[in-house]
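Reader: Before the terms of a description are accepted, their grounds should be stated. May I ask for each term to be set against its definition?

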Amino acid sequence: MTGELYDLIIIGAGPAGMTAAVYCLRKGLRTLILSKDIGGQANWTTLVENYMGFLEISGPELMQRFEEQLKKEKATVVIDEAVNLEAQAGVFAVTGKTTGAHRARAVIVASGKRPKKLGVKGEEEFKGKGVSYCSTCDAPLFREAVVAVAGGGNSGVQAVLDLLANEARQIYLISDEELTADQVLAEKIIDHPKVRLYQHSLVTEIHGEQMIAAVSVQSRKTGLVERLPVEGIFVEIGLEPNSDFLQALRKNDLGEVVIDCECRTSLPGVFAAGDVTNIPEKQIIVACGEGAKAAIKAWTYLTQK
Ligand SMILES: Cc1cc2nc3c(=O)[nH]c(=O)nc-3n(C[C@H](O)[C@H](O)[C@H](O)COP(=O)(O)OP(=O)(O)OC[C@H]3O[C@@H](n4cnc5c(N)ncnc54)[C@H](O)[C@@H]3O)c2cc1C
């Protein structure tokens with residue numbers, strides 16, 4: 001293995017990773033940030049009203065401000081996907097899908113979460129051709145369209161609201177159980193003339209040719225299958241951690257990286273922060289706090305080593 005030996009590699013540049021990076025750089029650590037993108041999930045948020053210092057700000061704008069702060073510290077950022085992390089001869093090797101191995105004396109994992117998939121026929125084929133996982137990003141593309149939303153939690157209802165705001169013609173909201181969204185959100189859509197609810201129902205297949213043309217929905221109560229003509233479907237059934245590549249670390253049943261109160265993982269020298277971890281509060285401000293904490297603990301580890 002060749003190339004520069006960094007003090008620290010941070011995997012992920014969402015709120016946790018960017019905050020960790022600013023702290024590490026200000027402590028003079030030679031830091032590499034390896035991330036699939038800049039901003040993470042916060043980029044999918046229309047409006048953030050609970051990040052201190054801003055009465056309201058869009059998610060992408062908040063992340064732009066984070067990025068400015070990162071640039072001020074002259075961060076080295078490589079845009080790539082980490083596919084492996086292992087300890088090798090006293091250092092850590094993080095392998096990027098296209099950039100190969102990067103080495104460091106310590107690592108902070110801040111790879112966050114990603115949307116869960118339905119796992120039905122047609123989902124992969126029509127990804128980007130009508131199947132979307134981000135209503136904030138894609139609802140404007142469905143003006144005057146008939147669209148399905150899978151998921152009866154807050155994200156599903158938020159997707160319906162995004163579609164209504166963008167004047168979709170008709171929306172089918174498909175939920176495997178009763179709606180579980182907060183009442184204050186659910187009330188906004190339950191009796192809306194453009195919204196039709198399918199509770200206790202599952203999306204079983206996505207159909208089309210070049211683009212989506214329909215989805216099959218099966219009632220869990222009667223077993224009956226209905227084919228609904230739609231131009232798109234938003235899959236909003238929750239999130240799962242980006243932790244598949246972290247075989248070296250202990251994870252919980254949800255696949256989250258288990259950390260202690262000092263952000264230490266099961267592998268000494270590897271720290272973790274934010275939504276990828278077992279810390280239950282999944283919020284921007286919490287991810288930032290955890291990122292700062294992981295950075296300080298990594299710095300202590302490196303200086304004591
Ligand atoms: C629709 C929506 C609305 C939300 N609204 C709010 C809100 O109003 N207020 C609030 O406080 N919170 C909100 N949240 C939650 C908040 O966005 C998250 O808690 C926060 O973004 C977590 O930050 P993170 O840095 O831990 O992870 P993420 O934001 O998920 O960032 C992870 C980063 O890691 C990168 N990455 C992933 N896998 C790899 C890999 N293998 N290799 C390299 N890089 C990788 C990603 O590209 C990304 O840059 C919302 C979330 C969603 C989905």
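Author: The model is predicted. A suitable starting point is the pair β9 and β10, which run parallel and are joined by five bridges.

Reader: What makes β9 and β10 a pair?

Author: Two strands count as paired if DSSP finds at least two bridges between them. β9 and β10 have five bridges, so the criterion of at least two is met. One position of this pairing is Val147, which stands opposite Ile171 in β10.

Reader: How do you know that β10 pairs with β11?

Author: β10, residues 170-174, and β11 share four bridges in the parallel sense. Ile171 has Val195 of β11 opposite it.

Reader: What joins β9 to β15?

Author: Four bridges in the parallel sense join β9 to β15, the strand of residues 232-235. Among the partners, Ile233 in β15 is bridged to Ala148.

Reader: Why are β8 and β11 called edge strands?

Author: The sheet is open and has five strands, paired in parallel in the order β8-β15-β9-β10-β11. β8 (131-132) and β11 (195-198) each pair on one side only, and they are therefore its edge strands.

Reader: Why is strand β9 described as largely enclosed by the rest of the structure?

Author: Four of the five residues of β9, residues 146-150, are buried, so the strand is largely enclosed. The term buried requires 20 or more other C-beta atoms within 10 Å of the residue's own.

Reader: What makes the β-α-β unit right-handed?

Author: The unit consists of β9, helix α4 (residues 154-165) and β10. It is called right-handed because, with the strands pointing away from the viewer, the path from the first strand over the helix to the second runs clockwise.

Reader: How does the span of α4 compare with the value expected at 1.5 Å a residue?

Author: From first C-alpha to last, the 12 residues of α4 reach 16 Å, close to the expected 16 Å. Glu167, which follows the helix, has a positive phi near 60°.

Reader: Which residues of α4 are buried, and what covers them?

Author: The buried residues are Ser155, Gly156, Val157, Gln158, Ala159, Val160, Asp162 and Leu163. Their cover includes β9, β10, β11 and β15, together with α3 (135-138) and α5 (183-186).

Reader: What makes up the shell around the ligand, and how is it divided by class?

Author: The ligand is surrounded by 34 residues, of which the closest are Gly12, Gly14, Gly40, Gly112 and Gly274. Two or more residues come from each of α1 (15-26), β2 (31-35) and α6 (284-304). By class, 14 residues are nonpolar, 14 polar and six charged. Gly counts as polar by definition.

Methods. Residues are numbered from 1 along each chain as its sequence is written. This is a predicted model: local features need pLDDT of at least 70, side-chain atom pairs count only at pLDDT 80 or more; totals for chains, interfaces and linings use all residues. A residue is buried if 20 or more other C-beta atoms lie within 10 Å of its own, exposed if 12 or fewer, and partly exposed in between; C-beta atoms are placed from the backbone. A residue is near a molecule or strand if its C-beta atom, placed from the backbone, lies within 6 Å of it. The expected span of a helix is 1.5 Å times one less than its number of residues. Two residues are in contact if their C-beta atoms, placed from the backbone, lie within 7 Å.
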